[in-house]
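Visitor: I am new here and would like to learn how the descriptions of a structure are reached. Could you show me?

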Amino acid sequence: MAERATLEELVRLQGERVRGLKQQKASAEQIEEEVAKLLKLKAQLGPDEGKQKFVLKTPKGTRDYSPRQMAIREKVFDVIISCFKRHGAEVIDTPVFELKVNDRRILDGMFAICGVPDSKFRTICSSVDKLDKVSWEEVKNEMVGEKGLTPEVADHIGDYVQQHGGVSLVEQLLQDPKLSQNKQALEGLEDLKLLFEYLTLFGIADKISFDLSLARGLDYYTGVIYEAVLLQTPVRPGEEPLGVGSVAAGGRYDGLVGMFDPKGRKVPCVGLSIGVERIFSIVEQRLEALEEKVRTTETQVLVASAQKRLLEERLKLVSELWDAGIKAELLYKKNPKLLNQLQYCEEAGIPLVAIIGEQELKDGVIKLRSVASREEVDVRREDLVEEIKRRTSPALCIC
């Protein structure tokens with residue numbers, strides 16, 4: 001046995017060596033030589049008493065999600081999809097690209113009045129874009145030391161890009177003696193003013209910040225741009241809220257489609273990219289910090305029994321509930337203890353338990369228990385479906 005254990009360890013180590021060489025993209029000759037050694041060691045092991053070992057691996061380029069993770073993903077997607085549908089959107093299947101952009105007219109007009117050469121607009125954009133991660137001094141040093149701006153021009157840019165606010169900032173910049181004289185910047189500011197008027201009508205202007213440091217994107221963006229940033233509320237009283245960064249971004253690109261049109265027609269377009277994977281991670285981390293349970297099933301009721309030898313009755317009742325459209329389940333044990341059945345409901349988040357007992361069968365009733373309050377009532381069997389639906393139906397929501 002000791003000799004076999006030694007051989008198994010040698011096989012394991014040699015297998016790791018082969019995998020390591022493949023990851024390092026070693027030469028085919030070297031890999032073949034080490035694979036031959038591995039096969040020789042396996043041959044020395046001989047048959048493993050008829051046993052076969054199966055190793056389940058996740059296919060390359062994919063990943064597995066636990067039931068808890070899938071429950072979170074479904075809730076996030078439900079919110080996104082319902083929001084879009086509420087506003088008349090139709091469902092299509094299309095690749096999602098991560099786009100983080102800014103209003104090119106205001107940005108380009110600002111660079112122009114600050115004295116940035118046309119040839120440096122895009123590279124200075126990339127520097128300004130870092131302001132959500134590093135300090136202004138670091139950005140300025142990059143502009144001056146690496147990209148050749150004079151300190152005076154950089155300081156002038158800093159006077160603008162460090163400002164953020166609401167419609168009052170738009171009004172202030174419309175009165176700026178230099179910026180208001182630049183045609184591109186003026187068009188962008190007037191569009192932003194109109195946008196804030198609409199946001200006020202929708203009652204959400206206080207949730208929008210006009211941020212002059214937003215400088216991401218590609219050349220095809222032509223107008224108003226936006227970026228959704230999620231502020232994480234404090235997990236515990238007294239803690240400061242944490243900024244977790246951008247979770248969505250988009251904007252106008254009225255000239256892009258025309259590039260692919262033979263006649264070069266201008267087609268107004270607006271787009272949005274949502275970072276759903278980032279949202280999933282944020283929700284997961286927050287639930288873990290709050291130690292909140294996540295329901296991984298939608299089961300409405302567990303069919304339970306209070307005594308032994310009631311498996312057939314449980315099976316009959318759960319079948320009746322399934323036929324009526326109720327999401328129900330039972331423990332697949334012949335005689336489970338009632339306490340174990342109730343504990344399963346608490347762990348799985350099942351709200352109701354339909355308990356069958358010998359006396360209940362004689363009286364033609366089912367004992368319906370609320371897991372949260374632990375209150376129990378006797379419900380006539382013919383009324384059970386309606387009572388479960390009444391208790392588990394979602395509250396009417398006017399959105």
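Guide: Let us begin where helices α4 and α9 meet: in this predicted model, Arg105, Ile106, Asp108 and Gly109 of α4 touch Gln184, Ala185, Glu187, Gly188, Leu189, Asp191 and Leu192 of α9. By class, that contact has four nonpolar, three polar and four charged residues. Local features here need pLDDT of at least 70, side-chain atom pairs count only at pLDDT 80 or more, and totals for chains, interfaces and linings use all residues. Residues are numbered from 1 along each chain as its sequence is written, and side-chain values use heavy atoms, with hydrogens and water left out.

Visitor: What makes these residues a contact?

Guide: Contact means heavy atoms within 4.5 Å, and the residues named in α4 and α9 meet in that sense.

Visitor: Why is α4 called oblique to α9?

Guide: The axes, lines fitted to C-alpha atoms over the stretch in contact with angles from 0 to 180 degrees between N-to-C directions, cross at roughly 140° and come within 7 Å. Under 35 degrees counts as roughly parallel, over 145 as roughly antiparallel, 65 to 115 as roughly perpendicular, and the rest as oblique. Therefore α4 is oblique to α9.

Visitor: Which residues of α7 are called buried?

Guide: Buried means under 20% relative accessible area, with a 1.4 Å probe and protein chains only. In α7 (residues 151-161), Val153, Ala154, His156, Ile157, Gly158, Tyr160 and Val161 are buried. These pack against α4, α5, α6, α8 and β2. Across the protein, 36% of the 399 residues count as buried.

Terms used
Buried < 20%, exposed > 50% of the residue type's maximum accessible area, 1.4 Å probe, protein only. Helix = DSSP H or I, 4+ residues; strand = E, 2+ residues; numbered from the N terminus. Nonpolar A, V, L, I, M, F, W, Y, C, P; charged D, E, K, R; others polar.
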